[in-house]
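Please walk me through how the helices and sheets of this protein are arranged, with the cut-offs behind each term given as they come up.

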Amino acid sequence: MEALLVVNAGSSSLKFQVFGIAGADLKREVRGQIGGIGNRPHLLAKAGDGAPLIDRSYAADAVRDLPAAIAAAREWLRTLDGFELHAIGHRVVHGGPDYAQPVLIDATVLDRLASYQDLAPLHQPNNLAPIRLAMEINADVPQVACFDTAFHRGHAKHTDCYALPRAFYDQGVRRYGFHGLSYEYVAERLRDVAPQVARGRVIVAHLGSGASMCALRDGLSIESTMGFTALDGLPMGTRPGQLDPGVVLYLIIQKGMSAEAVSDLLYHDAGLKGLSGLSNDMRDLLASDDPHAALAIDHFVYRCGLNAGMLAAALGGIDAFVFTAGVGENSAPIRARIVEGLAWLGAELDPAANEAGAMLISTPKSRVALHVLPTDEELMIARHTLALIRTPAD
């Protein structure tokens, strides 16, 4: 069977999926990941129908880093029979000013993407590591980079520029937005489940360890809460979200922190983790009776409401609000609290539907349709990869 491999590499996990190719159609054949890298490495994979394929734990020193995880996943994938690998699609967080759509990867593209590593230090180096390894193992297998920034390209210039001298914009200092693969999938899915709503004004909240919101009009990105890097906008698991740049100057000038120390603080020790002093996991915070956990949750919900208001202003009102990603899809209490803050827009929650995890969680009289839609970034990557490798060369 002709197949595509999709890779989504992070700092502590490596997600992968295998899609079979049947003409223009894609069928998910394998879904797996290695989590707990360097701590409690665990390889888990299932077939497309959910049947278990492997459930294996490793010693911490056996899979101590991402390259070791890539090697372990490759070793197991090679035991699968019946797949003829035609291409590998990768999630790459930052496409910079150069890449507004998926691209076939060669050495020149790889070098260019590496130049954006400082803009996404939690993601970009890990995204590029499996690409390099695959090129070393078999340079003949096409690889495609699919960017989280691409979906947001095409905004009006006045929305994406900062109030800085024009030369900085020309050098690439501008608002990019992220989680684009997730938003692209949700926009397409919404056309299937609520086509009339999809043509209107929609805010999508991608709420997970990384969190952002996107304003859609007729399925196109109009505005995003994230900007030049993935630090902006909503508070996240370990990132602060919107922050006065004067805070960074204060930490460097007055507190004597190095740029590296500030970067480590903002990417690893801020957000829900920093505010609560307990955890970056919303589930842990909801289960805790510590007042600092409550403070972190209150801050998160409050900032979600503020950013929803900003996006509603960009759209001139909203017709629907969509929750997606780990917290958005699975946390009924967080959804309920966020919707409370949307009451001024006419949103009214159906508590029973929300608790049941229904796809539609608004009441019939709500002026804003409230949806919960699971995202599928890997399917979007597979679609883009298949389209690109089948596009005739110019």
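Helices α12 and α14 pack with their axes 9 Å apart and at an angle of about 50°, where axes are lines fitted to C-alpha atoms, for helices over the stretch in contact, and angles run from 0 to 180 degrees between N-to-C directions. The two helices are therefore oblique to each other, given that angles under 35 degrees count as roughly parallel, over 145 as roughly antiparallel, 65 to 115 as roughly perpendicular and the rest as oblique. In passing α14, helix α12 makes a right-handed crossing; a crossing is called right-handed if the near helix is turned clockwise from the far one by less than a right angle, and left-handed if anticlockwise. On the α12 side the contact (heavy atoms within 4.5 Å) is made by I297, D298, F300, V301 and C304, and on the α14 side by I334, R337 and I338. By class, this contact of α12 with α14 has 6 nonpolar, no polar and 2 charged residues, where Ala, Val, Leu, Ile, Met, Phe, Trp, Tyr, Cys and Pro count as nonpolar, Asp, Glu, Lys and Arg as charged, and the others, Gly among them, as polar.

The model is a predicted one, in which local features need pLDDT of at least 70 and side-chain atom pairs count only at pLDDT 80 or more, while totals for chains, interfaces and linings use all residues. Residues are numbered from 1 along each chain as its sequence is written, and side-chain values use heavy atoms, with hydrogens and water left out.

Both of these helices also lie across strands of a sheet. Helix α12 (residues 291-315) lies across β9 (201-207), β10, β11 and β12 (320-324), and runs at about 20° to β10, whereas helix α14 (residues 332-340) lies across β9, β12 and β13, running at about 155° to β12. The sheet in question is open and has 5 strands in the order β11-β10-β9-β12-β13, with mixed pairing; two strands pair if DSSP finds at least two bridges between them. Its edge strands are β11 (220-224) and β13 (369-372), each of which pairs on one side only. Direction ignored, neighbouring strands of this sheet are turned by 25° against each other on average. At the β11 edge, strand β10 (residues 211-217) runs antiparallel to β11 and is joined to it by 4 bridges, and A215 stands opposite E223 in β11.

There is a second open sheet, of 8 strands, with the order β5-β4-β3-β2-β1-β6-β8-β7 and mixed pairing. Its edges are held by β5 (52-57) and β7 (103-104), each with a single partner strand, so one side of each is left without a neighbour in the sheet. Towards the β7 edge, β7 and strand β8 (residues 143-147) pair in the antiparallel sense over 2 bridges, and L104 stands opposite V144 in β8. Two helices pack on this sheet: helix α1 (residues 66-77) touches β1 (2-9), β2 (14-22), β3 (25-35), β4 (42-47) and β5, its direction making about 35° with that of β2, and helix α16 (residues 377-389) touches β1, β2, β3, β6 (84-92), β7 and β8, its direction making about 130° with that of β1. Further into the strand order, β1 and β6 run parallel and are joined by 6 bridges, with H90 in β6 as the bridge partner of V7. Strands β6 and β8 are likewise parallel, joined by 5 bridges, and here the bridge partner of I88 is Q143 in β8.

Each of the helices on this sheet also meets another helix. Helix α1 and helix α3 (residues 124-137) pack at an angle of about 50°, with their axes 10 Å apart, which makes α1 oblique to α3. Their crossing is right-handed, and the contact is made by L66, I70 and R74 of α1 and N126, A129, P130, L133 and I137 of α3; these residues divide into 6 nonpolar, 1 polar and 1 charged. Helix α6 (residues 180-193) and α16 pack at an angle of about 90°, with their axes 8 Å apart, which makes α6 roughly perpendicular to α16. In this pair L181, S182, E184, Y185 and E188 of α6 meet E377, L379, M380, I381, R383 and H384 of α16, and by class the contact has 5 nonpolar, 2 polar and 4 charged residues.

Taken as a whole, the protein has 16 helices and 13 strands, these being DSSP runs numbered from the N terminus (H or I, at least four residues, for helices; E, at least two, for strands).
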